[in-house]
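The following questions and answers concern a predicted model. Please consult the sequence and the structure shown here while reading them.

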Amino acid sequence: MTTVSLTVNGQSVTADVDPRTLLVQFLRENLRLTGTHVGCDTSQCGACVVHLNGQAVKSCTTLAVQANASVVTTIEGISQGSELHPMQAAFREHHGLQCGYCTPGMIMSAIDIVNRKGNTLDEQTIRAELEGNLCRCTGYHNIVKAVAAGAQGMAQAPLQQAAE
Amino acid sequence: MYAFEYHRPTSVKEAANLAGQAEDIKFLAGGHTLLPTMKLRLAGPANLIDLGQIAELRGIERSGDTITIGAMMKHAEVANSAEVKEAIPALAEMAELIGDPHVRNRGTIGGSIANNDPSADYPAACLALNATIITNQRKIATDDFFQGIFTTALEEGEIITQVSFKVPSQAAYTKFRNPASRYALVGVFVAQHADGARVAVTGAGSNGVFRVPEMEQALSGNFAPEALDGIAVAEDEMNNDIHADAAYRAHLVGVMARRAVQAAVARG
């Protein structure tokens, strides 16, 4: 066993884990944060995307021990109480999901895109940047609309952005 | 995934010592090839040595006509580096074409080069930019480093610390992606240096990354797309699979090389 200490959604966590525990397993099974999903388990679909030190990563392709001393944010950590994060609100408003399986990864990726590329995003940029997130329901059309709207929404919610 | 002992050294020396003492080791860089391989139980090292906490493996430095990149620098860091963009914009653009944004946030230059996947992008950049692979033991010229698919000059326990690229006068990388995997079906990196042009091809060759001497000779005299007219690469050394047969790959090498030269010339 190896000791791992990290901050998850603002809370300090320390645990002894088998070193082969994936970050996504640690989040889901140790911390019961089941919003982060395992889709393909082969680094392709992006359902498992979380933020590691502020950057979007695939938590199925990261060991929990590699996240030692890091800050992790999951889909559970972005709303303010019952108030949705602007990106979550935009996905609801624009019907950016059907079955919802890919949605946590989509939203964590979308927030990362805004952090890197700013609040005004054209369709081409959004589609290119969502390369690592697969959705088998929507055909992406409403996801792209939601990300563009969510990006604008994040500009109007500076406090929330700072918290993220 | 098979069980392993995990080690987290904080210096190259400590990592090398661990590698010398432990049996059946693998170094873990970004983990975006090794971890999937371990999940499939195609690799099962007894000891995993994580290079992620070693500060001396990081950093990007320009010195005269070379730019030196720490082995643990991530693809996104190379793609966004002001030094790299200024010195070798083609290298920054190449890094931006690897995988997807999440992969680029974890995958590293050292990991990619040590792995030498036949469809990886960095090996082509190394060959075309006449790179020197610097390890904890020696400096290896790029032409001696890549020795066939998943095979390099690295000895057991040897650690890449830095990669040093020659700044070319003109360069570009073009990649024809497999539409599903997004790996290079054919990727061509061209670079014009003071002592001549270099052309390196990834994805296409059955023996991994390779240079094309005929194209280099033609481009050294006249660095223009039309200089490549009539030059073909041999089909019998191309990969041949359900995604693209050898004849198609050989044809694509010519097309992508011309496009790369065109892009390099357009950039000026």
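Q: Which residue in β2(A) stands opposite Val8(A)?
A: Val8(A) belongs to strand β1 of chain A, which covers residues 2-8. This strand is joined to β2(A), and the two run antiparallel. Within β2(A), the residue opposite Val8(A) is Gln11(A).

Q: How many bridges join strand β1 of chain A to β2(A)?
A: In the sheet order β2-β1-β5-β3-β4 of chain A, β1 follows β2. The two strands are antiparallel, and the number of bridges joining them is seven.

Q: Which are the edge strands of the open sheet in chain A?
A: The sheet has five strands with mixed pairing, in the order β2-β1-β5-β3-β4. An edge strand here pairs on one side only. In chain A this holds for β2 (11-17) and β4 (55-58).

Q: By what angle are neighbouring strands of this sheet turned against each other on average?
A: The sheet is open and has five strands. With direction ignored, the average turn between its neighbouring strands is 40°.

Q: At about what angle does helix α3 of chain A run to β3(A)?
A: Helix α3 of chain A comprises residues 103-117 and lies across β3 (49-52) and β4. Relative to β3(A), its angle is about 40°.

Q: Which element gives the most to the side of chain B that touches chain A?
A: On this side, 16 residues of chain B are in contact with 21 residues of chain A. The elements of chain B that give two or more residues are α2 (34-39) and α6 (101-104). With three residues, the element that gives the most is α6(B).

How values were computed. Residues numbered from 1 in each chain as written. Chains lettered and ligands numbered in written order. Predicted model: local features only at pLDDT ≥ 70, side-chain atom pairs only at ≥ 80, totals over all residues. Pairing = 2+ DSSP bridges. Helix = DSSP H or I, 4+ residues; strand = E, 2+ residues; numbered from the N terminus. Axes fitted to C-alpha atoms, helices over the stretch in contact; angles between N-to-C directions. Contact = placed C-beta atoms within 7 Å.
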